[in-house]
Amino acid sequence: MRKKKYVLRPLELWDPGAAQQWLEDEAAHGWFLTDCGTRLAKLERRKPAACRVRIQPCKPEPEE
């Protein structure tokens with residue numbers, strides 16, 4: 001069984017609710033996010049778990 005996989009990240013990651021749900025679904029199947037680029041997400045295999053994910057922006061958006 002593979003221990004890592006690369007997937008195209010969902011386009012709706014700009015929507016925190018959708019991104020959180022995607023990560024929770026992956027965790028329920030045993031895949032946990034380790035890195036996320038502009039197009040690909042790197043997931044690592046671990047024991048499946050029901051978990052809650054919260055996403056917080058890193059930088060404030062410009063006021064323009």
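Is Gln20 buried or exposed? With a relative accessibility of 17%, Gln20 counts as buried, where buried means under 20% relative accessible area, exposed means over 50%, and partly exposed lies in between (1.4 Å probe, protein chains only). Here are some notes to help you find your way around.

1. **What you are looking at.** This is a predicted model, in which local features need pLDDT of at least 70 and side-chain atom pairs count only at pLDDT 80 or more, while totals for chains, interfaces and linings use all residues. Residues are numbered from 1 along each chain as its sequence is written, and side-chain values use heavy atoms, with hydrogens and water left out.

2. **Confidence.** The average pLDDT of the protein chain is 88, and 95% of the residues score at least 70; pLDDT is the predictor's confidence in each residue, from 0 to 100. Confidence is highest in β3, at a mean of 95, and lowest in α1, at 92. Where pLDDT is low, the predicted coordinates should not be read in detail.

3. **Overall layout.** The protein chain has one helix and three strands, and along the sequence they follow the pattern β-α-β-β. Helices (H or I, at least four residues) and strands (E, at least two) are DSSP runs, numbered from the N terminus. The C-alpha atoms fill a box of roughly 50 × 20 × 15 Å along the principal axes. Of the 64 residues, 25% count as buried. Among contacts between residues at least 6 apart in sequence, 49% join residues at least 24 apart, a contact being heavy atoms within 4.5 Å.

4. **The nonpolar core.** The largest nonpolar core has seven residues: Val7, Trp22, Leu23, Trp31, Ala41, Leu43 and Val53. The elements that give two or more residues to this core are α1 and β3. Such a core is a set of buried Ala, Val, Leu, Ile, Met, Phe, Trp, Tyr and Cys residues joined through side-chain atoms within 4.5 Å. In soluble globular proteins, nonpolar side chains tend to be buried together. One core member to look at is Trp31: not counting residues up to four places away in sequence, Trp31 touches Arg2, Lys3, Lys4, Lys5, Glu26, Leu43, Glu44 and Arg45.

5. **Gln20 again.** Gln20 sits in helix α1. Leaving aside neighbours within four places in sequence, Gln20 is in contact with Val53, Arg54 and Ile55.

6. **Salt bridges.** A salt bridge is a side-chain nitrogen of Lys or Arg within 4 Å of a carboxyl oxygen of Asp or Glu, and by this rule the count comes to two. In one of them, the side chains of Glu26 and Lys5 meet at 3.6 Å, N to O. Glu26 lies in helix α1 and Lys5 in strand β1 (residues 4–8), so this pair ties together parts that are 21 residues apart in sequence. Glu26 counts as buried at 16% relative accessibility, and Lys5 counts as buried at 13%. Glu44 also forms a salt bridge with Arg46, with the closest N and O atoms 3.3 Å apart. Here Glu44 is partly exposed at 26% relative accessibility, and Arg46 is partly exposed at 44%.

7. **Glu24, a residue to check.** Which side chain of opposite charge is nearest to Glu24? The nearest is Arg52, 4.9 Å away, and Glu24 is buried yet has no salt bridge. For charge, Lys and Arg count as positive and Asp and Glu as negative, while His and the chain ends are not counted. Glu24 belongs to helix α1 (residues 16–28), and its side chain reaches the backbone nitrogen of Val53 at 3.0 Å. Not counting residues up to four places away in sequence, Glu24 touches Cys51, Arg52 and Val53.

8. **His29, in a loop.** You will find His29 in the loop between α1 and β2 (31–36). His29 is exposed, with a relative accessible area of 55%. The side chain of His29 reaches the backbone oxygen of Asp25 at 2.8 Å. Apart from neighbours within four places in sequence, His29 is in contact with Arg45 and Pro48.

9. **Ala50, after the last strand listed here.** Ala50 is in the segment after β3 (40–45), and counts as exposed at 83% relative accessibility. From C-alpha to C-alpha, Ala50 and Ala18 are 17 Å apart in space and 32 residues apart in sequence.

Methods. A polar contact is a pair of N or O atoms within 3.5 Å; within protein, one must be able to donate a hydrogen and the other to accept it, and residues adjacent in sequence count only if both atoms are side-chain atoms.
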